[in-house]
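Colleague: I have just opened my first protein model and would love some company. Could we look through this one together?

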Amino acid sequence: MQVDHLTKVQLTLAAGCSSEEMDLITQPVAWSFVAGAGAEGFTPFEMACHQKSVGDEFILEIPNRQSNRIFEHLQPPILGELTHDGPIFLKAVVTSVDPASSREVVQAMAEAINNGSGGCGGGCGCGCG
């Protein structure tokens, strides 16, 4: 199964100052989310995950202090640690892809609303919320 709309995606995340070395978050952190539950469609991060399968890995370059724009309503557990001056390279490894249950979809949609779907929610001072 591949990552698509309303699939439950589990992955591990690490981050670094370069694509070769994960020196900001060295121990991979597990995270799961329901893809495509936001009102605006896929976030840029979800687009990077789209059509990936279990075992696939990718590195996403996040421009200087743009993590809120990349994740939008999603709240990965490492979000607060992505404050490095300069680009951040996020390494994600897909560990599981399953159909999301109706309950998981409703919860994800509620979280998207609470977290400011379509922007960072206004908490970062960027003016989008």
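Colleague: Which residues have the most contacts inside the largest nonpolar core?

Modeller: Happy to help, and please keep in mind that this is a predicted model. In general, nonpolar side chains tend to be buried together in soluble globular proteins. Here the largest nonpolar core has 27 residues, and those with the most contacts inside it are L11, F33, F45 and F71.

Colleague: Which element gives the most to this core?

Modeller: Several elements take part: β1, β2, α1, β3, α2 and β4 each supply at least two residues of the core. The top contributor, with five residues, is β4.

Colleague: What does L11 touch, leaving out residues up to four places away in sequence?

Modeller: We already met L11 among the residues with the most contacts inside the largest core. Its partners, not counting residues up to four places away in sequence, include A92, V93, V94 and T95. The rest of the list is V29, A30, W31, F33, F45 and C49.

Colleague: How many residues are in the second, separate core?

Modeller: This other core includes V34, A37, A100 and V105. V105 is also one of the buried residues of α3. The size of this second core is five residues.

Colleague: In what order do the elements of the chain run?

Modeller: The chain has three helices and four strands. Read from the N terminus on, they follow the order β-β-α-β-α-β-α.

Colleague: How far does helix α3 reach from its first C-alpha to its last?

Modeller: Helix α3 covers residues 102-114, which is 13 residues. At 1.5 Å a residue, the expected value is 18 Å, and the helix comes close to that. Its reach in the model is 18 Å.

Colleague: Why do the buried residues of α3 sit on the same side of the helix?

Modeller: An α-helix has 3.6 residues a turn, so residues three or four places apart point the same way. In α3 the buried residues are V105, A108 and A112. They lie on the same side of α3 because they cover an arc around the axis of only 65°.

Colleague: Which exposed residues are on the face of α3 turned away from its buried side?

Modeller: Let's first look at the buried side: what covers the buried residues there includes β2. The face turned away from it carries the exposed residues S102, R103, V106, I113 and N114.

Colleague: Is A112 buried or exposed?

Modeller: A112 lies in helix α3. In space, its C-alpha is 5.4 Å from that of G38, although the two are 74 residues apart in sequence. Buried means under 20% relative accessible area. With a relative accessibility of 1%, A112 therefore counts as buried.

Colleague: Which side chain does S96 join through a polar contact?

Modeller: S96 sits in strand β4, and at 15% relative accessibility it counts as buried. Setting aside residues up to four places away in sequence, S96 touches K8, V9, Q10 and V54. A polar contact of 2.8 Å joins its side chain to that of D98.

Colleague: What is the phi of L6?

Modeller: Most residues other than glycine have a negative phi. L6 is found in the segment before β1, and it is partly exposed, with 37% relative accessibility. Although L6 is not a glycine, its phi is positive, about 60°.

Colleague: And what is the phi of Q51?

Modeller: Q51 belongs to the loop between α1 and β3. Its relative accessible area is 35%, so it counts as partly exposed. Q51 is not a glycine either, yet it has a positive phi of about 70°.

Colleague: What separates the C-alpha atoms of E81 and I25 in space?

Modeller: E81 is in the loop between α2 and β4 and counts as partly exposed, at 48% relative accessibility. Along the chain, E81 and I25 are 56 residues apart. The separation of their C-alpha atoms is 8.0 Å.

Colleague: Over which residues is the pLDDT below 50?

Modeller: The chain averages a pLDDT of 90, and 90% of the residues score at least 70. One stretch has 14 contacts in the model beyond near neighbours in sequence, but its pLDDT is below 50. That stretch is residues 118-129.

Conventions: Residues are numbered from 1 along each chain as its sequence is written. This is a predicted model: local features need pLDDT of at least 70, side-chain atom pairs count only at pLDDT 80 or more; totals for chains, interfaces and linings use all residues. Side-chain values use heavy atoms; hydrogens and water are left out. The expected span of a helix is 1.5 Å times one less than its number of residues. Buried means under 20% relative accessible area, exposed over 50%, partly exposed in between (1.4 Å probe, protein chains only). The arc is that of the directions from the helix axis to the C-beta atoms. Contact means heavy atoms within 4.5 Å. A polar contact is a pair of N or O atoms within 3.5 Å; within protein, one must be able to donate a hydrogen and the other to accept it, and residues adjacent in sequence count only if both atoms are side-chain atoms. A nonpolar core is a set of buried Ala, Val, Leu, Ile, Met, Phe, Trp, Tyr and Cys residues joined through side-chain atoms within 4.5 Å. pLDDT is the predictor's confidence in each residue, from 0 to 100.
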